[in-house]
Amino acid sequence: MIARLTLLAAAAALVGCAAPGLSSGPTNLAPAAFAQLPPSNAGAATMTTAFADSAQLQRVVDDVLANNRDLRAAAARLKQAEALADAAGAQRLPSVGVGASASRQRAPNDQGQFRNFNSYGVNATAAWEVDLWGRAAANARAAGYDAEGAAQDRDAAQLSLAGTALNLQAQLIGLGHRLALAKEALTVQNQLLDLVKARVGAGRGTAVDQARAEALVAQTAASVPALRNAACLTRLQLDVLRGQPPADCDKADSDPLPAMPEPRLISLGTLPDPAGLLAARPDVRAAASRAQAAAARAQVAWAARWPSLGLTGQIGWSAGRAGDLFKSGSQIHSIAGALNWQFLDFGARRAEENAARAGYEAAVATAEQAQLTALQDAQGSLSTLRETELQAVSQATAAEATTRARDLALKRYEAGVTDFYTLLTAEQERLVAQDALIQVQTARAAALLAVHKAFAAKLTAQR
């Protein structure tokens, strides 16, 4: 009987190798090439932010990767998934156990007289479920794909959190320069106010000019608390990402404020094509792994509808005295096979298979959506970088022109050729243009960081 069951298992195993009839996996949606690439400048740095010292940005990345709590949780989930994959793989192999027993009981003998009996036993058992339809193998594959997905989730979290931290650092540097500009403008505007007051005292100015100068100083001073608060909130976010308790916002940064980048066009060098992008993105690979895991689980549900074959064996020794154990007369052994098939379940297992198939189709759609999101992210970051590059060049020209206009208006006012309103307007325009330039330069750096993140590139920086 056991030999017949073994032959049945060997024949059925050939059938079990075939997966159930699922639809094809995720379609590769990558286009031939990206559009709207930024302009190229051979003299510019390749794939760099040109925004801050690389050492400072690298410290931010290192702090995030070492201390971020979300990354620790992702690493723990990966260990959990790997352990479950090991457990699922072990279920394909036979299980072996050993046991020992000793008992004393009082019971009647054949003549009805009560006697005390001792019993001692030692045994070893083995059990194995023959994988007729590939259920155990498919379950192990599903757990393995889950572990792969968890590893890719960890990589995606590293990329996302490092990119977010660098973006916050870029914003923080930009806010620092805007705050420095406002303080520098306050110094200049107070000098203008002193000049107007002196002219009014000498009878060569008007109270209107003085009131306008005082209003400009007050307006600029009002922007300082708002900029300080924005910098504080940004610093708090950055501290949390770096796994640190929120720091005191009034404490000055230990590092000097990096210089703002010059407005020049940046060459991105050789970017991966769309297909290469999808292959490099950990979020896309994670979604594909989940689709593979769902396919394996659909096979598990399909295999559950068919018979299962289990083999068990036992060898042991049993005796009334411990000294008689392991003697030839005390040996017991057994071997058995069991074929089980729940052929009547009123459609329950069929419904479970249909649910698993639907889960696979959902995972396929999610994987394709991850591709589209990645392509959108990459194309959008390239477009944003191209436009902010052009905007930075034009804004730098405007800032330089307004500075020249302010300087000329100041000379003309001191010479008595023009009125104070012209000088005041020129100073306001200079402040607005310089502040806008810093914001555009910050956006330009953030856009380049977004390109790094979209293309799963190494998030470091060079000057």
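**Exercise 1. Classify glycine 416 by accessibility and place it in the chain.**

Step 1. Glycine 416 has a relative accessible area of 55%. Buried means under 20%, exposed over 50%, and partly exposed in between, with a 1.4 Å probe and protein chains only. Glycine 416 is therefore exposed.

Step 2. Glycine 416 sits in the loop between helix H8 (348–414) and helix H9 (420–454). Helices (H or I, at least four residues) and strands (E, at least two) are DSSP runs, numbered from the N terminus.

Step 3. Its C-alpha atom is separated by 9.3 Å from that of arginine 204, 212 residues apart along the chain.

This is a predicted model: local features need pLDDT of at least 70, side-chain atom pairs count only at pLDDT 80 or more, and totals for chains, interfaces and linings use all residues. Residues are numbered from 1 along each chain as its sequence is written, and side-chain values use heavy atoms, with hydrogens and water left out.

**Exercise 2. Check the span of helix H5 (residues 207–241).**

Step 1. The expected span is 1.5 Å times one less than the number of residues. For the 35 residues of H5 that gives 51 Å.

Step 2. The end C-alpha atoms of H5 are 52 Å apart, which agrees.

Step 3. Look past the helix: glycine 243 follows H5 and has a positive phi, near 70°.

**Exercise 3. Find which helices the salt bridge between arginine 430 and glutamate 184 ties together.**

Step 1. A salt bridge is a side-chain nitrogen of Lys or Arg within 4 Å of a carboxyl oxygen of Asp or Glu. The side chains of arginine 430 and glutamate 184 meet at 3.7 Å, N to O.

Step 2. Arginine 430 lies in helix H9 and glutamate 184 in helix H4 (residues 135–201), so the pair ties together parts 246 residues apart in sequence.

Step 3. Compare burial. Arginine 430 is buried at 4% relative accessibility. Glutamate 184 is partly exposed at 35%.

Step 4. Widen the view. Glu184, Arg406, Asp407, Glu427 and Arg430 form a network of salt bridges. The whole structure holds 18 salt bridges.

**Exercise 4. Describe the salt bridge between glutamate 389 and arginine 444.**

Step 1. Their side chains meet at 2.5 Å, N to O.

Step 2. Glutamate 389 lies in helix H8 and arginine 444 in helix H9, so the bridge ties together parts 55 residues apart in sequence.

Step 3. Both glutamate 389 and arginine 444 are buried.
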